[in-house]
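Q: Please take a close look at one part of this structure: its empty spaces. Walk me through them, along with whatever lies around them.

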Amino acid sequence: MIIIPKSSVYEEALKDNMMDSTFSYRVIDLYGRKIILTEGQTPSSLPMDSDTALLVNGNLYSKEFKQEKTVVQVDNVSIGEKKLIIAAGPCAVESEGQVMETAEAVKKMGADMLRGGAFKPRTSPYSFQGLGPKGIQLLMKAREETGLPVVSELLDISDFSAFRNNVDMIQVGARNAQNFTLLKFLGQLKTPVLLKNGLATTMNEWLGSSEYILSGGNENVVMCYRGNRSFENYTRFNMDIGSIASLKNLTHLPICADPSHPAGRRELVESLALGAVASGADMLEVEVHRDPDNALSDSSQQLTLEMFNRLMKNVRKVEEIVRG
Ligand code: PEP
Ligand code: MN
């Protein structure tokens, strides 16, 4: 249960009730407010009158809890304001030349952030697994050269030391969308999190994942829609524009869309990106590679630099109409 205390009487009463072992609580600061979160059966002896506390029905991600739209700050980039934010870069960091060239090109074409995976979740253990900490170091070098903040996927808590004080935004991938241990860990940080939906999570399950991060006290969560598994296999995943519209109804958190993974084919990426922006996405995450045909992962969906340039021009036109 979420309780917003109005007086210190409340915390005193909570302490008194700690004798009940099935009940626990913790206090966090979120969006400038002190909040008490309880777990288990709330004791009936707690004061529940409107003078001492406000009880929130629902979740921290919900509009019942917070009406104003949240803006997540990633270094100098504000996600959730009027400007559409674009994160672009390779699926995986492969070499210094590859990441530097791609970073400089996407920056020139108007990207706001650099994406790149150093720890890759691959279907086969025999496929390229990413450069690991060396990949993060190369992203840092690209950030230094271009000034673009960096988003990269954290696959496992044990890899976090490479990310600490380096990566500006931590991506939770589709395969980890309900890894509650990882989500709780990220809740203890202040680092912004780009939270993807799972391959087959419902809206409620995905938003529940955001709640794990928020309830730890990390208020910097961006929801990133990356499509769902469906029966269709011409596209890689089903990009449901209704999911973006639903998120806008259900949460104050900023919304990102990843058109690359659902497309699965580079010639489809721009259309999906335009649809996502028209539906209200605050941010796009797009895979771009200087030589996609020879990429070590997601080769068929990564855009060439030329295709990304065209996408940017057309996306700005839609942005002007829907956000201008
Ligand atoms: C990625 O961004 O490269 C990635 C693996 O994405 P997802 O987790 O959405 O499949
Ligand atoms: Mn990828």
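A: The second largest pocket of this predicted model has a volume of about 160 Å³. Its lining draws on residues from several stretches of the chain. Met-1, Ile-2 and Arg-26 are among them. So are Leu-37, Thr-38 and Glu-39. Gly-58, Asn-59 and Leu-60 also line this pocket, along with Glu-211 and Ser-215. Strand E3, residues 33-39, gives the most to this lining, with three residues. By type, the lining of the second largest pocket divides into four nonpolar, four polar and three charged residues.

Now take the largest pocket. About 280 Å³ of space lies in it. It is lined by 18 residues, and the closest to its centre are Pro-121, Arg-175, Arg-236, His-261 and Asp-298. Its lining divides into three nonpolar, five polar and ten charged residues.

Two of those central names, His-261 and Asp-298, turn up again at a metal. The manganese ion (ligand 2) is coordinated by Cys-91 through SG, His-261 through NE2, Glu-287 through OE and Asp-298 through OD. The distances run from 2.1 to 2.4 Å. Along the sequence, the donor residues are spaced C-x169-H-x25-E-x10-D. Cys-91 lies in the loop between strand E7 (85-89) and helix H2 (96-108), and Asp-298 lies in the loop between strand E14 (283-287) and H10, so this pair ties together parts that are 207 residues apart in sequence. Cys-91 and Asp-298 are both buried.

Next come the closed spaces. How many cavities of 30 Å³ or more does a search of the whole structure find? It finds one. About 40 Å³ of space lies in this largest cavity. Arg-266, Glu-267 and Glu-270 line it, and so do Leu-303, Met-307 and Arg-310. Four of these lining residues are charged, two are nonpolar and none is polar. Helix H9 (266-278) and helix H10 (305-323) each supply at least two residues of the lining. H9 gives the most, with three residues.

That brings us to H10 itself. This helix has 19 residues. From its first C-alpha to its last, H10 reaches 25 Å, close to the 27 Å expected at 1.5 Å a residue. Which residues of H10 are buried? They are Leu-305, Phe-308, Leu-311, Met-312, Val-315, Val-318, Glu-319 and Arg-323. These buried residues cover an arc of only 140 degrees around the axis, which puts them on the same side of H10. The face turned away from that buried side carries the exposed residues Glu-306, Lys-313, Lys-317, Glu-320 and Ile-321.

Finally, pick out one residue from that outward face. Glu-306 is found in helix H10. Is Glu-306 buried or exposed? Exposed means over 50% relative accessible area. Glu-306 has 67% relative accessibility, so it counts as exposed. Its C-alpha atom is separated by 9.7 Å from that of Met-109, although the two residues are 197 residues apart along the chain.

Terms used:
Residues are numbered from 1 along each chain as its sequence is written. Chains are lettered from A and ligands numbered from 1 in the order in which they are written. This is a predicted model: local features need pLDDT of at least 70, side-chain atom pairs count only at pLDDT 80 or more; totals for chains, interfaces and linings use all residues. Side-chain values use heavy atoms; hydrogens and water are left out. On a 1 Å grid over the protein atoms alone, a cavity is a set of points where a 1.4 Å probe fits but cannot get out, and a pocket is an open set with protein on both sides within 12 Å along at least five of seven lines; lining residues have an atom within 4 Å of a point. Grid points are joined across faces, edges and corners, and a volume is the space filled by probe spheres set on the points. Helices (H or I, at least four residues) and strands (E, at least two) are DSSP runs, numbered from the N terminus. Ala, Val, Leu, Ile, Met, Phe, Trp, Tyr, Cys and Pro count as nonpolar, Asp, Glu, Lys and Arg as charged, and the others, Gly among them, as polar. Donors are N, O and S atoms within 2.8 Å of the metal (3.2 Å for Na, K and Ca); water is not among the atoms, so sites may look incomplete. Buried means under 20% relative accessible area, exposed over 50%, partly exposed in between (1.4 Å probe, protein chains only). The expected span of a helix is 1.5 Å times one less than its number of residues. The arc is that of the directions from the helix axis to the C-beta atoms.
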